[in-house]
Amino acid sequence: MKIFFSLLIAVLLSTLSFAQTQTQHHEQKPEDPFRLQKLGEPIYALYGRGGNIGFYIGPDAVLVIDSQYRDLAPGIVQKIKSVTDKPIQYLVNTHHHPDHVGGNDFFKQFALILAHDNVRKRVLESPKSILEEYPEALEEAKKAGNADRIRWIEEQIEWAKKVKVEEIAAPFLTFDSEFRLHMGGETIHIWHTPPAHTDGDGVAYFEKSRVLHMGDLFFHKVIPFIDVKSGGSAQGYITAVDKVISRIPPDATIIPGHGEVTNLDGLKTFRKYLQDLNEAAAKAKAAGKSKEDFVKEIDFPAYKEWRGYEDRFKENAEAAYDEAR
């Protein structure tokens, strides 16, 4: 059985590598929103429009963490190809949000897509979720006059109306706890955390390079999005971050889901924000303050400079209050 499975994977990788050579000359040339940051000889961070990407160049192949939006995927591949001619054979999704898995449609032509079980589940459920939730978001975008967001939401709704389940680029290989990939001299540890941003959050730690990609378990100097509808948790965020901190060395380089690459100090600052938020909610609830009054009155001057404060801070406060005891 093991021999058969090994042969199956070998055939798949061979087929996908051929498919990749056919897509390298894709004529789409999206406006270049990208910026590369070299973190070590074989590993890079790639900033774009959406969640931060990480990629590792092994002796024979490339592993990529997250794929941003569908329209950016060809540009992502072009950026990776600007530093290596190795084939992209693996794509890890840290969770199911479209700014992290939107490019899966393009990557599935040449890469095996890996993620936690819940990521596959939520990606397959995404058309139903979009049709239920996005019309309200569309109305809000129209009220705000946000043309780019209006266009994107409308595109997502149209896609959800016509897509067939078998066409969705969900992860091909899934795991329930953790697994390891061995590429040359590097071991990549990929593990699931308790629900925090979502219920499918995963991180990838490159042991030799001492680089960690946290997906949206970490927003560096950015107010996070706690996706309660997808199993996210304000209190769980602290538990998840603590578990990550316990498994990495003090000198690790960390790629956040959003914000600049940083280190353990940056992650601990983010943890302090989460702790301050949850403690404020618990104190207010214990004092008998209503949720409405708490959300209206809470203000964190220390974090006002963080991107997203005006957009998401009050939502964070609501999530924290709902969980407080």
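Helix 5 and helix 6 are roughly antiparallel to each other, therefore a handy pair to start from. Residues are numbered from 1 along each chain as its sequence is written. You're looking at a predicted model, where local features need pLDDT of at least 70, side-chain atom pairs count only at pLDDT 80 or more, and totals for chains, interfaces and linings use all residues, while side-chain values use heavy atoms, with hydrogens and water left out.

**Exercise 1. Work out how helix 5 and helix 6 sit against each other.**

Step 1: Find the helices. Helix 5 covers residues 117-144 and helix 6 covers residues 147-162. Helices (H or I, at least four residues) and strands (E, at least two) are DSSP runs, numbered from the N terminus.

Step 2: Get the geometry. Two packed helices are described by the angle between their axes and the distance between the axes. Here the axes come within 9 Å and cross at roughly 155°. Axes are lines fitted to C-alpha atoms, for helices over the stretch in contact, and angles run from 0 to 180 degrees between N-to-C directions.

Step 3: Name it. Angles under 35 degrees count as roughly parallel, over 145 as roughly antiparallel, 65 to 115 as roughly perpendicular and the rest as oblique. So helix 5 and helix 6 come out roughly antiparallel.

Step 4: Add the hand. The crossing is left-handed, meaning that the near helix is turned anticlockwise from the far one by less than a right angle (clockwise would be right-handed).

**Exercise 2. Describe how helix 8 packs with helix 10 and with helix 7.**

Step 1: Take helix 8 (residues 264-286) and helix 10 (residues 309-323), whose axes come within 8 Å and cross at roughly 55°. That makes helix 8 oblique to helix 10. The crossing is right-handed.

Step 2: Now bring in helix 7 (residues 234-245), which packs with helix 8 at an angle of about 155°, the axes 9 Å apart. That makes helix 7 roughly antiparallel to helix 8. Helix 7 passes helix 8 in a left-handed crossing.

**Exercise 3. Trace the open sheet of 7 strands.**

Step 1: Write the order, 1-2-3-4-5-6-7, with mixed pairing. Two strands pair if DSSP finds at least two bridges between them.

Step 2: Mark the edges. Strand 1 and strand 7 (173-175) each have a single partner strand, so one side of each has no neighbour in the sheet. Neighbouring strands of this sheet are turned by 20° against each other on average, direction ignored.

Step 3: Check the pairs. Strand 1 (residues 35-40) runs antiparallel to strand 2 (residues 43-47), with 5 bridges joining them. Arg35 stands opposite Tyr47 in strand 2, and the two strands form a hairpin with 2 residues between them. Further along, strand 3 (residues 53-57) and strand 4 (residues 62-65) pair in the antiparallel sense over 4 bridges; Phe55 has Val64 in strand 4 as its bridge partner.

**Exercise 4. Do the same for the open sheet of 5 strands.**

Step 1: The order is 8-9-10-11-12, and the pairing is mixed.

Step 2: Strand 8 (178-183) and strand 12 (253-255) are the edge strands, each pairing on one side only.

Step 3: Strand 8 is joined to strand 9 (residues 186-192) by 6 bridges, and the two run antiparallel. Arg180 finds its bridge partner in strand 9 at His189.

**Exercise 5. Sort the residues that line the second largest cavity.**

Step 1: List the lining: Val92, Asn93, Thr94, Ala115, His116, Phe175, Ile190, Gly200 and Gly202.

Step 2: Sort by class. Ala, Val, Leu, Ile, Met, Phe, Trp, Tyr, Cys and Pro count as nonpolar, Asp, Glu, Lys and Arg as charged, and the others, Gly among them, as polar. The lining divides into 4 nonpolar, 5 polar and no charged.

Methods
On a 1 Å grid over the protein atoms alone, a cavity is a set of points where a 1.4 Å probe fits but cannot get out, and a pocket is an open set with protein on both sides within 12 Å along at least five of seven lines; lining residues have an atom within 4 Å of a point.
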